[in-house]
Amino acid sequence: MILRHILATGKTAPVTGVRVQNVGNGGVLVRLSRPLPEGSLVDLSFQLPGRARTTRLLGLVRWSRKASMGIQFFYSTDMERNRIVRSLSSLERTGDIGHAA
């Protein structure tokens with residue numbers, strides 16, 4: 001997964017220096033120098049394997065520590081969730097997690 005950006009709701013500049021540590025069906029663990037506070041709503045844009053277009057999801061920062069944060073995904077439909085879960089399953093097989101662009 002190539003994470004394109006994380007944008008905190010109400011902010012105009014994306015969070016920078018993000019490295020994807022772990023990703024699963026429910027969310028993503030990212031490493032970064034200045035994590036957002038717990039409870040922050042975020043707009044995530046990322047590239048999934050085998051997909052030409054960028055995927056966007058809303059998320060919630062569930063926990064935040066000195067150099068990392070855990071973001072829970074919010075799926076808008078079951079179809080969206082199923083599509084992303086299938087793509088993430090292929091990541092587990094290939095180990096292609098990626099970094100922020």
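This is a short dialogue about reading side-chain features in a predicted model.

Student: How should I read a pair of aromatic rings, and how many aromatic pairs are there here?

Tutor: Happy to help! A pair of aromatic rings is described by how far apart the centres are and by the angle of the planes. Here the count is one aromatic pair. Phe73 and Tyr75 have ring centres 6.1 Å apart and planes at 70°, so the pair is edge-to-face. Phe73 is also buried, with a relative accessible area of 5%.

Student: Which residue lies over the face of Trp63?

Tutor: That is Arg65, at 4.2 Å from the ring centre.

Student: Which residues touch the most other members of the largest nonpolar core?

Tutor: The general idea first: in soluble globular proteins, nonpolar side chains tend to be buried together. In this model, the largest nonpolar core has 21 residues, and Ile6, Val30, Leu36, Met69 and Ile71 touch the most other members. Strands β1, β2, β3, β4, β5 and β6 and helix α1 each supply at least two residues of this core.

Student: Which residues make the nonpolar surface patch?

Tutor: Leu41, Leu58 and Phe74 make a patch of about 270 Å². Phe74 lies in strand β6 and is partly exposed, at 35% relative accessibility.

Student: And which residue forms a salt bridge with Asp43?

Tutor: Arg56 does, with the closest N and O atoms 2.3 Å apart. Asp43 lies in strand β4 and Arg56 in strand β5, so the pair ties together parts that are 13 residues apart in sequence.

Student: Is Asp43 buried or exposed?

Tutor: Asp43 is buried, at 12% relative accessible area, whereas Arg56 is exposed, at 52%.

Conventions:
Residues numbered from 1 in each chain as written. Predicted model: local features only at pLDDT ≥ 70, side-chain atom pairs only at ≥ 80, totals over all residues. Heavy atoms only, no water. Phe/Tyr/Trp six-rings, centres within 6.5 Å; stacked < 30°, edge-to-face > 60°. Buried < 20%, exposed > 50% of the residue type's maximum accessible area, 1.4 Å probe, protein only. Lys NZ or Arg CZ within 6 Å of the ring centre and 35° of its normal. Core = buried A, V, L, I, M, F, W, Y, C linked by side-chain atoms within 4.5 Å. Helix = DSSP H or I, 4+ residues; strand = E, 2+ residues; numbered from the N terminus. Patch = residues over 30% accessible without salt bridge, like charges linked within 9 Å, V, L, I, M, F, W, Y side chains within 5 Å. Areas by Shrake-Rupley, 256 points an atom, 1.4 Å probe, with all protein chains shown as cover. Salt bridge = Lys/Arg side-chain N within 4 Å of Asp/Glu carboxyl O.
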